[in-house]
Amino acid sequence: MGDNGVFNVGFSLEASPWRMTGSMDLPAKGGFSFDLCRRNDFLEKKGLKVPGFRKTGTTIVGLVFQDGVVLGADTRATEGPIVADKNCEKIHFMAPNIYCCGAGTAADTEAVTDMVSSQLQLHRYATGRESRVVTALTLLKSHLFKYQGHVSAALVLGGVDCTGPHLHTVYPHGSTDTLPFATMGSGSLAAMSVFESKYKEGLTREEGIQLVADAIRAGIFNDLGSGSNVDVCVITKGKTEYLRNHELPNPRTYVSSKGYSFTKGQTEVLSTKITQLKQKVEVAEGGDAMEE
Amino acid sequence: MLVPPEPDTTARSRRSGRPGSVSNCATGRGKFLIGIAQSSSPPSAPAADANLSLRFILKTRYQEEIDRAGLSSCSTRRYGEELDSRGAPELPSLSKASPPLPQPRFANSHQYFWDQTRERSKQTAPRAGRRRVSLGAQAMARFDPYENNGGTCVAVAGADYCVVAADTRLSVGYSILSRDHSKIAQLADKCVLASSGFQGDIKALQKNLAAKELVYEHNHNKKMSCPAMAQLLSNTLYYKRFFPYYAFNVLGGLDSQGKGCVFTYDAVGSYERTGYSAQGTGAALMMPVLDNQLKSPSPLLLPARDAVTPLSESEAVDLVKDVFASATERDIYTGDRLEIVVINSSGTHREYIELRKD
């Protein structure tokens, strides 16, 4: 007790020339690295406009029918009040027998599903077996939890593996639910109202596809964040059908028969200034031959 | 190597011995102290509570530092005071610089570092930036008197006609409240107002203008002309300059000579007579197309020219329909149905076409 063992494992977060000198390094923990958050705050206070996220403002659904799983999604991607993409793909490939619909920030859903899809493929090579839905689920939820909700991806994951058909929802903070029918996105309430009235167990394939399409259409017409077309994906044991643009209920209502011409002179030219670019450098003939 | 100091009874007797005074050093922002120095613990340390003993030991270590520097932590003495030969405090001298920090006495540089930061934090001003806000001081949500119900309005003036068009969707947030709500109001027989924005304010504004128009009729024995109504609308909007009508207006009609006129407004009444205009959520999508296709003289040219479009009435209506269909594709707040009102010498004619409902 008389010896001086100073275990100063702490360190100050202020800038200091003596940072970490002599102290023991803590083992690297997982979790989000908040190093840049202070810098971002500072920049924002200085007037830097933070770039906006493109959210998919979506309706995504899934249901379990007698032979497997049906997933559905709308195809509108919004950037605030403007439609950025009228026909985007929200049903992402995870494995030949597993697909995942994504709502939330478009970049996040793309990135997280691509990443887990690659991990699943490596796992398939390592194990020599078909991927299971719970594997994808665990990989997704642990990734999202690690990022504490900052990865804004709300997913509907469905597939059929050796243990049967499975349908799960994954929330941005990392929680999951296992359900017979599920909806996510800004149009989830409209779609869920359809599911709650019409869902029953043991639906046939046609009934399942029809119900999913009805739910997505409810989202498309009643939610401003969803629109355009209906995508459907039917997964059964040994077979997956991706019905891209299964329904197109929103054709353009009016097309001018006159057409448009953009002739010169339509835009008023107020003044003209021509600046000559520098003359091009001429390549001289001859010179030293290249050394072999 | 750490040298255990000799026991100094004078210093100990002056020690205030309040454990609370030391706890601050462990809770300073951003500092974490996990271990403690264990050397030279005084024999009379109360060791019942580990926490207490930790604080006691910290205080002891720090007390020694203070004593060695000739300072005291006693509240009656000021930091930096020197004692003269009689033991009485010297009067503070302004020419003297601030006392130097205690010399580093430890080979372990992290101990030195900890002491240094402790000293530095005592001397620097409280840091600007995020302070700890008491949990009781949370802001209450204020009532927002405005709401944007979305939608777009367009008016195009021709040589002897005026086309005023608006969609019929009323929305709030991501929901649709009505697919069949008209944004167009007929104020006088040759004067039509289309407004987008907050429909509550718009309804109030339309009532206000209708009442004023009636008063005008009674006073002047004639209906208001479109330019007169334009001025009235501007005055009405500016009347509420400091609690505006959240209304983005476009007024269209025929002037006293029977030529088409369009007046465009901002929320507080600034207005201008133009050849065509669009207001609302889809306005930014429509104006470039109108600029390009209506073949009106450019408003940038000098001298200012009359900006009515040389297109015929049917061509203008066709363009307006197409432009709305395009805006509906890209603006989520525009859609459902399009109401088109055409004013010409034979009166007012209304037409509806369907738009995308998603």
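Here is a chat about a predicted model of chain A, its five-strand sheet and two helices beside that sheet.

Colleague: Hi! How many helices and strands does chain A have?

Modeller: Chain A has five helices and 12 strands. Keep in mind that this is a predicted model.

Colleague: And what share of the residues is buried?

Modeller: Buried residues make up 42% of the 292 residues in chain A. Chain A exposes about 17,200 Å², and carbon and sulfur atoms supply 56% of that area.

Colleague: Let's talk sheets. In what order do the five strands of the open sheet run?

Modeller: The order is 5-6-7-8-9, with antiparallel pairing. Strand 5 (91–95) and strand 9 (176–178) each have a single partner strand, so one side of each is left without a neighbour in the sheet. From one strand to the next, the twist averages 20 degrees.

Colleague: How is strand 5 joined to strand 6?

Modeller: Strand 5 and strand 6 of chain A form a hairpin with two residues between them. The two pair in the antiparallel sense over four bridges, and A95(A) has I98(A) as its bridge partner in strand 6.

Colleague: What about strand 6 and strand 7, how many bridges there?

Modeller: Seven bridges, again antiparallel, link strand 6 (residues 98–104) and strand 7 (residues 153–161). Among the partners, C101(A) goes with V156(A) and Y99(A) with G158(A).

Colleague: Why is strand 6 described as largely enclosed?

Modeller: Seven of the seven residues of strand 6 are buried, so the rest of the structure largely encloses that strand. I98(A), C100(A), G102(A) and G104(A) point one way, Y99(A), C101(A) and A103(A) point the other way, and all are buried.

Colleague: Which strands does helix 2 lie across?

Modeller: Helix 2 (residues 106–127) lies across strand 5, strand 6 and strand 7, at about 20 degrees to strand 5. Helix 3 (residues 133–146) also packs on the sheet, touching strand 5, strand 6, strand 7, strand 8 and strand 9. The direction of helix 3 makes about 165 degrees with that of strand 7.

Colleague: Switching topic: where is T169(A), and is it buried or exposed?

Modeller: T169(A) is in strand 8 (residues 164–170). T169(A) is buried, because its relative accessible area is 1%, and the cut-off for buried is under 20%.

Colleague: Which residues is T169(A) in contact with?

Modeller: Leaving aside neighbours within four places in sequence, T169(A) is in contact with L155(A), V156(A), S175(A), T176(A), D177(A), L179(A), A182(A) and M184(A). V156(A) is also the bridge partner of C101(A).

Key: Residues numbered from 1 in each chain as written. Chains lettered and ligands numbered in written order. Predicted model: local features only at pLDDT ≥ 70, side-chain atom pairs only at ≥ 80, totals over all residues. Heavy atoms only, no water. Buried < 20%, exposed > 50% of the residue type's maximum accessible area, 1.4 Å probe, protein only. Areas by Shrake-Rupley, 256 points an atom, 1.4 Å probe, with all protein chains shown as cover. Contact = heavy atoms within 4.5 Å. Pairing = 2+ DSSP bridges. Axes fitted to C-alpha atoms, helices over the stretch in contact; angles between N-to-C directions.
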